[in-house]
Amino acid sequence: MGNVFMKKCDDVFAISKKFLTEYKLKEDYDFLVVDFHGEITSEKNAIGHFFDGKATLVVGTHTHIPTNDARILKNGTAYQTDAGMCGDYDSVIGMNKDNSLKRFMKKESTKHYPATGDATLSGVIVDCDIKTGLANKIESYVFGGQLKNT
Ligand SMILES: [Fe+2]
């Protein structure tokens with residue numbers, strides 16, 4: 001969990017540092033996937049660089065919108081700031097758009113409920129090297145629904 005604009009939890013950089021002193025890629029596991037659940041791109045970007053060369057993949061979640069920055073970082077970790085959501089993009093981050101607009105315009109304060117149109121599957125596909133535990137290639141994956149399929 002990120003620390004900026006998120007519910008209070010442990011210092012993610014301190015915990016990550018502690019984790020990496022106790023556990024090592026190819027000693028304790030073959031691959032390491034870091035799913036960074038955070039609100040802001042800079043914090044996700046920073047954690048990506050922090051784990052570069054020590055994780056197979058760092059991918060962000062939580063904002064529900066896929067970013068267009070999939071790449072292999074300098075030391076071999078695959079990275080994308082946010083994987084996007086699996087859901088209906090004709091919505092406000094997966095929630096019914098009319099209801100969300102009413103809430104933003106302070107016309108009604110009804111509960112959010114999910115949009116139920118065509119779903120899009122979003123994520124990343126990573127080709128990994130079993131010898132190093134690092135990544136050879138990363139591609140964004142978008143299938144179905146409202147977004148351009150890639
Ligand atoms: Fe979330």
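Leucine 57 is a good place to start: setting aside neighbours within four places in sequence, its contacts are Val33, Val34, Thr77, Ala78, Val126 and Ala135. Keep in mind that this is a predicted model.

Several of those names come back in the largest nonpolar core. That core holds 18 residues, and the ones with the most contacts inside it are Ala55, Leu57, Val58, Ala78 and Ala135. Strands β2 (57–61), β4 and β6 each put in at least two residues, with β2 giving the largest share, 3 residues. As general background, nonpolar side chains in soluble globular proteins tend to be buried together.

Now for the sheet around β2. It is an open one with 4 strands, ordered β1-β2-β4-β3, and its pairing is mixed. Strands β1 (33–37) and β3 (71–72) sit at the edges with a single partner strand each, so one side of each has no neighbour in the sheet. Helix α2 (residues 41–50) lies across β1, β2 and β4, and runs at about 165° to β2.

Which strands pair, in what sense, and which residues are bridge partners? Here are two pairs side by side, β2 with β4 and β5 with β6.

| Strand pair | Sense | Bridges | A bridge pair |
|---|---|---|---|
| β2 and β4 | parallel | 3 bridges | valine 59 with glutamine 80 |
| β5 and β6 | antiparallel | 8 bridges | glycine 123 with tyrosine 141 |

The second pair deserves a closer look. Strand β5 covers residues 121–128 and strand β6 covers residues 135–143. Together β5 and β6 make a hairpin, with 6 residues between them. In the turn, glycine 133 has a positive phi of about 80°. The hairpin also ties back to the opening residue: Val126 and Ala135 are among the contacts of leucine 57.

What does the domain assignment give for the protein? Domain 1 is 1–85 + 120–150, and domain 2 is 88–117. Their centres, taken over C-alpha atoms, are 28 Å apart. On the contact between them, domain 1 brings 6 residues and domain 2 brings 5 residues.

How far does the predictor trust all this? Mean pLDDT for the protein is 96, and 100% of the residues reach 70 or more. Where is confidence lowest, and where is it highest? The low end is helix α3 (residues 97–104), with a mean of 91, while strand β4 (residues 78–80) takes the top spot at 99.

Methods. Residues numbered from 1 in each chain as written. Pairing = 2+ DSSP bridges. pLDDT = per-residue confidence, 0-100. Core = buried A, V, L, I, M, F, W, Y, C linked by C-beta atoms within 7 Å. Buried ≥ 20, exposed ≤ 12 C-beta atoms within 10 Å, placed from the backbone. Contact = placed C-beta atoms within 7 Å. Axes fitted to C-alpha atoms, helices over the stretch in contact; angles between N-to-C directions. Domains from an automatic or database assignment.
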